[in-house]
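Please look over the protein shown here, first as a whole and then at a few of its residues. The report below moves from the overall pattern to the interior.

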Amino acid sequence: MANTHGLPIAFSLSASLRIPKSTFASSSLKRCARQLSSKLTITMGRIFLITLEGQIYSCKHCHAHFALYDDLISKSFHCRHGKAYLFDKVVNVTIGEEEDRMMITGLHTVVDIFCVGCGSIVGWKYEAAHEESQKYKEGKFILERFQVLGPNGSVYSFGELQPAGMDTDADDV
């Protein structure tokens, strides 16, 4: 099942209710998922998760789906724990406070993203890039590879850590 944007997913609330994603607009989908997940978690004790179909990246702790392989833009990014991947779309995350962060490629305004299933920090979203050459990152998501399972269920084990307090990202996509 796919919507007009070609994203083959379905909603699932508990295991019994499935609503096709094609009934929702793409831009409102993420906002709806964020609002519902926090409300349902707090008021009902249930977690609202979007189930992706196909090759997926998921949380290594609770296996919540995050992104499709088809939405992967680049594997050439890095974070303080090793590799990081840039995605166009990510689901089943909530966002933290907006902050300015100095990275290798300059100053960016970002928000940390957290898994709605287990609360683990899994990466960040670029809200704004302060340098013209970095504007392509705006609205895109970074998933830290050591926090996610790959499409084949692989776990990334990180080696040498980056210095504390400095996030990194790559120039090339």
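Two residues are said to touch, or to be in contact, when heavy atoms of theirs lie within 4.5 Å. The model discussed here is a predicted one.

With that meaning of contact in mind, L143 touches F66, A67, A84, Y85, F87, V90, I113, V122 and V148, where residues up to four places away in sequence are not counted. L143 also belongs to the largest nonpolar core, which has 16 residues, and it is listed with F66, F87, V90 and V122 among those with the most contacts inside that core. Several strands give two or more residues to this core, and they are set out in the table.

| Element | Residues |
|---|---|
| β4 | 56-59 |
| β5 | 65-68 |
| β7 | 82-87 |
| β9 | 106-115 |
| β11 | 141-144 |

Apart from this core lies another, made of nine residues, including A84, W124, Y126 and I142.

Seen as a whole, the protein chain holds one helix and twelve strands, and along the sequence two strands come before the helix, with the other strands following after it. Of the 173 residues in the chain, 43% are buried. Among contacts between residues at least 6 apart in sequence, 50% join residues at least 24 apart. The accessible surface of the chain is about 8700 Å², and carbon and sulfur atoms account for 52% of that surface.

Is S74 buried or exposed? S74, which is found in strand β6 (residues 72-79), counts as buried because its relative accessibility is 4%, and the cut-off for buried is under 20%. The side chain of S74 reaches the backbone nitrogen of S76 at 3.0 Å.

Notes. Residues numbered from 1 in each chain as written. Predicted model: local features only at pLDDT ≥ 70, side-chain atom pairs only at ≥ 80, totals over all residues. Heavy atoms only, no water. Helix = DSSP H or I, 4+ residues; strand = E, 2+ residues; numbered from the N terminus. Buried < 20%, exposed > 50% of the residue type's maximum accessible area, 1.4 Å probe, protein only. Areas by Shrake-Rupley, 256 points an atom, 1.4 Å probe, with all protein chains shown as cover. Polar contact = N/O pair within 3.5 Å; in protein donor to acceptor, adjacent residues only side chain to side chain. Core = buried A, V, L, I, M, F, W, Y, C linked by side-chain atoms within 4.5 Å.
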